[in-house]
Each structure stands twice: as C-alpha cells, then as structure tokens.
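Here is a walk through one protein model, written for someone meeting it for the first time. Have the 3D view open as you read.

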Amino acid sequence: MAAVIEIEGLRKTYKGLFGGEHRALDGLDLSVTAGQVHGFLGPNGSGKTTTLRTLLGLIRADAGRMVLLGREVPAALPQVMDSIGAIVESPQFFGNFSGRKTLTLLAQAGGVPLSRVDAVLELVGLTDRARDRVKGYSLGMRQRLAVASALLKEPKLLILDEPANGLDPAGIREMRDLMRDLAADGVTVVLSSHILGEVQQICDSVTIVAKGRAIVSGPVEHVLASQDRGEYRVRVDQPLLAAEILTEAGAQVDVHEDGFVVRDLVDPSWITRTLAARELFVAELVPLRPDLESVFLTLTDSVDQQVGVR
Ligand SMILES: Nc1ncnc2c1ncn2[C@@H]1O[C@H](COP(=O)(O)OP(=O)(O)OP(=O)(O)O)[C@@H](O)[C@H]1O
C-alpha cells in the first residue's frame with residue numbers, strides 16, 4: 001500500500017523571546033499508509049501539533065523531509081492541498097449562522113459544488129439539525145460541523161488534531177463511528193489523541209511520540225504484541241506456597257496482595273502441570289495482555305527516564 005504521509009528526520013526548535021530555545025521535534029519519523037485510520041499519540045508537549053502544523057505548511061521545519069500524497073512538501077503544498085482536509089485548531093463558527101449556511105459559505109469560498117453541503121451534513125449526521133443555529137449546537141455537534149467543513153473538498157486524507165477533545169462518551173462514540181465510516185469510504189484518517197482507549201478501538205495503526213521523536217510505530221496489534229511480556233495472573237489456594245514452587249521451578253513470579261503474576265511465559269499449561277504435580281490446583285489463570293494505554297505509559301515513561309539520566 002502506498003504511503004500517504006512520509007516524514008523523515010523532522011526537526012523544529014522554537015526560539016523564545018529572550019534568546020531561549022525549545023526543541024519541539026528532534027528527528028521525528030512518521031509513515032501513514034493509504035486507507036488507514038492512524039493514531040498519532042504522545043503526551044502533552046511531545047510535538048504532535050507541531051508535526052501536523054509543519055506538514056500543512058503552517059510553520060517551517062528546521063530540517064527533515066516530508067512527502068504528502070506522493071509529493072514533496074512544503075514545495076508541492078499548492079498541488080496537494082485540495083486533496084487534504086485538516087482541523088489542527090478548533091475552528092470558530094458564527095453562532096448566528098445555521099450549520100447549513102456555514103457550510104454553504106465555506107463551499108462557495110472554496111469553489112466546491114453546493115451539492116456537497118448536503119452530502120457532508122449527511123456524512124457527519126447533522127442533516128436533522130442543519131437549519132439550527134450553531135450557537136445551539138453541543139460541542140460534539142460543533143466538532144462534527146468542523147469535520148463536515150474539512151470534508152467539503154472530498155479529501156483523500158483527513159488530518160484531525162485531538163478530535164475527541166472535550167467530547168462526552170456519546171460524542172466520542174459518534175466521532176469514532178464517523179472516522180470508521182470515512183475509512184470504509186477510502187479516506188485516510190490521521191488523528192492525534194491522548195484518549196487511548198478510543199484510539200485502540202478506532203485505529204488500524206499508531207505512532208507513539210515522546211520528546212519530539214517517534215518511539216514506536218506500526219499496526220496496533222503489532223505494537224501491543226511488542227510489549228507483551230507473557231504475563232499470567234494465577235489464583236490458587238495457598239498462593240505463597242504456589243509462588244515458591246513456581247519460582248523454584250525457574251519461573252519469574254511477582255507476588256501481589258491478591259495472588260501472583262508469572263512473567264515471560266510461553267506455555268501457560270506449564271503452571272497448571274507444575275502446581276498439580278504438588279497437589280495445588282489452579283482456580284483461575286488469566287493472560288494479562290497489554291492495552292494501548294499501558295504500552296503508551298511504559299514507553300513514554302522510559303523515554304522520560306532516559307532523558308533524566310542523560
Ligand atoms: N509557538 C511556540 N513557541 C514556543 N514553544 C512552542 C510553540 N508551540 C509549541 N511549543 C512547545 O513545543 C513543544 C511541542 O508542542 P506541541 O504543541 O507540538 O505538542 P503536542 O504534542 O501537540 O502537545 P498537546 O498534546 O499538549 O497539544 C511543547 O513543549 C510546547 O510548549
């Protein structure tokens with residue numbers, strides 16, 4: 001599959017008013033394949049917005065290479081911009097205009113056929129409220145109106161900075177369904193977020209950034225598998241004795257208040273066999289699979305520690 005976004009070695013240092021410097025991007029790499037929903041994740045201040053703004057030509061990088069839809073940018077931005085919809089800052093709408101009027105004005109200004117207005121209203125699920133004034137819209141509806149405005153040009157690539165910010169669970173669910181529908185229609189979606197549970201459900205692939213660098217990237221299941229430590233939580237009568245037996249037999253065991261966890265295990269049946277041989281019978285054996293949140297915290301913490309010891 002062709003890459004829709006390709007970024008290599010992106011660097012950006014902000015210069016402060018009094019001669020200070022802040023390195024926001026420190027050689028960042030990012031690759032997004034066509035037709036995917038890609039999560040661009042990182043803690044606050046890790047460089048997500050700076051990356052997206054640089055990609056869209058809103059700020060200038062110090063170094064690095066960026067390719068958008070097969071064209072080198074920023075040089076080719078005028079040629080590719082019509083194929084890209086982006087929301088990198090909360091768009092401001094006139095509260096007294098209706099959703100339809102807002103989109104109609106934007107369509108006219110952008111030379112987009114007016115038939116697109118009803119199409120995008122339908123896509124984002126705002127048809128029923130299209131005649132209402134925007135000032136009566138919920139935050140979720142305003143977000144959907146913003147997405148509708150970004151979809152007017154029928155973009156091949158949609159870039160959204162924190163689309164779920166400030167939304168309640170129902171709003172987040174609507175946004176998630178919308179992203180999936182767009183991807184099913186062939187639109188590549190890149191969204192930055194730190195609502196990781198949602199990202200895990202929406203995204204096909206992710207890039208996790210910390211301190212201006214990508215620390216892991218790939219399909220969600222690969223990223224999760226890469227951090228799988230083969231852990232199993234065991235519940236059994238006499239947990240302390242059981243933990244001792246397994247440790248003596250060579251297992252890595254962490255004892256907790258409510259039982260124990262065996263790590264780095266390939267075959268969980270080894271636990272049941274080993275304990276049964278000593279007349280201890282396992283009541284529960286639960287694989288502990290990492291989720292995106294635990295992977296994110298482990299990886300970004302380890303970057304913090306590396307920077308701390310430098
Ligand atoms: N215009 C600016 N001038 C100086 N420093 C800036 C500027 N914009 C961003 N920064 C700094 O650059 C770093 C990266 O910021 P950026 O907004 O790209 O991070 P982010 O990952 O999008 O964070 P968040 O999740 O909080 O939006 C931060 O330390 C931020 O304070």
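Let's start with helix α1. Six of its eight residues are buried, so the rest of the structure largely encloses this helix. The buried ones are Lys-48, Thr-50, Thr-51, Leu-52, Thr-54 and Leu-55. Just after α1 comes Gly-57, which has a positive phi, near 80°.

What does α1 lie across? It crosses β1 (3-15), β2, β4 and β5, and its direction makes an angle of about 115° with β1.

One thing to keep in mind while looking around: this is a predicted model. Its scores are ipTM 0.96 and pTM 0.84. The protein averages a pLDDT of 89, and 98% of the residues score at least 70. Confidence is highest in strand β4 (residues 63-68), with a mean of 96, and lowest in helix α11 (residues 292-309), with a mean of 74.

**Around the ligand**

Which element gives the largest share of the shell around the ligand? That is α1, with three residues. Both β2 (21-33) and α1 (48-55) supply at least two residues each. The full list of residues around the ligand reads Tyr-14, His-22, Ala-24, Gly-42, Asn-44, Gly-45, Ser-46, Gly-47, Lys-48, Thr-49 and Thr-50. Lys-48 and Thr-50 are on that list, and they also belong to the buried residues of α1.

**The sheet that α1 lies across**

The strands β2-β1-β4-β5, in that order, make an open sheet of four with antiparallel pairing. At its edges are β2 and β5 (71-73), each with a single partner strand, so one side of each has no neighbour in the sheet. On average, neighbouring strands here are turned by 25° against each other, direction ignored. Between β4 and β5 there are three bridges, and Met-66 sits opposite Val-73 in β5.

**A strand covered on both faces**

Now look for strand β3 (residues 37-41). Five of its five residues are buried, so β3 too is largely enclosed by the rest of the structure. Val-37, Gly-39 and Leu-41 are buried on one side, and His-38 and Phe-40 are buried on the other.

Which strands does β3 pair with in the parallel sense? One of them is β8 (residues 188-193), joined over five bridges, where Gly-39 has Leu-191 as its bridge partner. Another is β9 (residues 205-210), joined by four bridges, with His-38 standing opposite Ser-205.

**A second open sheet**

Further along the chain, four strands form an open antiparallel sheet in the order β12-β13-β11-β14. Its edge strands are β12 (252-256) and β14 (282-288); each has a single partner strand, so one side of each is left without a neighbour in the sheet. Neighbouring strands are turned by 25° against each other on average, direction ignored. Strand β11 (residues 231-236) is linked to β14 by six bridges, and one matched pair there is Val-236 with Val-282. Helix α10 (residues 269-276) lies across β11, β13 (259-263) and β14, at about 155° to β14.

Here are some of the strand pairs side by side:

| Strand pair | Sense | Bridges |
|---|---|---|
| β3 and β8 | parallel | five bridges |
| β3 and β9 | parallel | four bridges |
| β4 and β5 | antiparallel | three bridges |
| β11 and β14 | antiparallel | six bridges |

**Nonpolar cores**

In soluble globular proteins, nonpolar side chains tend to be buried together. The largest nonpolar core in this model has 65 residues, and those with the most contacts inside it are Ile-5, Val-120, Ala-148, Met-179, Val-189 and Val-199. Helix α5 (residues 139-151) gives the most to this core, six residues. Which residues does Ile-5 touch, leaving out those up to four places away in sequence? They are Leu-30, Ser-31, Val-32, Leu-55, Leu-68 and Val-190. Another core, of nine residues, lies apart from the largest one; among its members are Val-234, Val-236, Leu-246 and Leu-275.

**The whole protein**

Stepping back, the protein has 11 helices and 14 strands. Its C-alpha atoms fill a box of roughly 80 × 50 × 40 Å along the principal axes. Of the 310 residues, 33% are buried. Among contacts between residues at least 6 apart in sequence, 69% join residues at least 24 apart.

Definitions and conventions:
Residues are numbered from 1 along each chain as its sequence is written. pLDDT is the predictor's confidence in each residue, from 0 to 100. Two strands pair if DSSP finds at least two bridges between them. Axes are lines fitted to C-alpha atoms, for helices over the stretch in contact, and angles run from 0 to 180 degrees between N-to-C directions. Two residues are in contact if their C-beta atoms, placed from the backbone, lie within 7 Å. A nonpolar core is a set of buried Ala, Val, Leu, Ile, Met, Phe, Trp, Tyr and Cys residues joined through C-beta atoms within 7 Å. A residue is buried if 20 or more other C-beta atoms lie within 10 Å of its own, exposed if 12 or fewer, and partly exposed in between; C-beta atoms are placed from the backbone. A residue is near a molecule or strand if its C-beta atom, placed from the backbone, lies within 6 Å of it.
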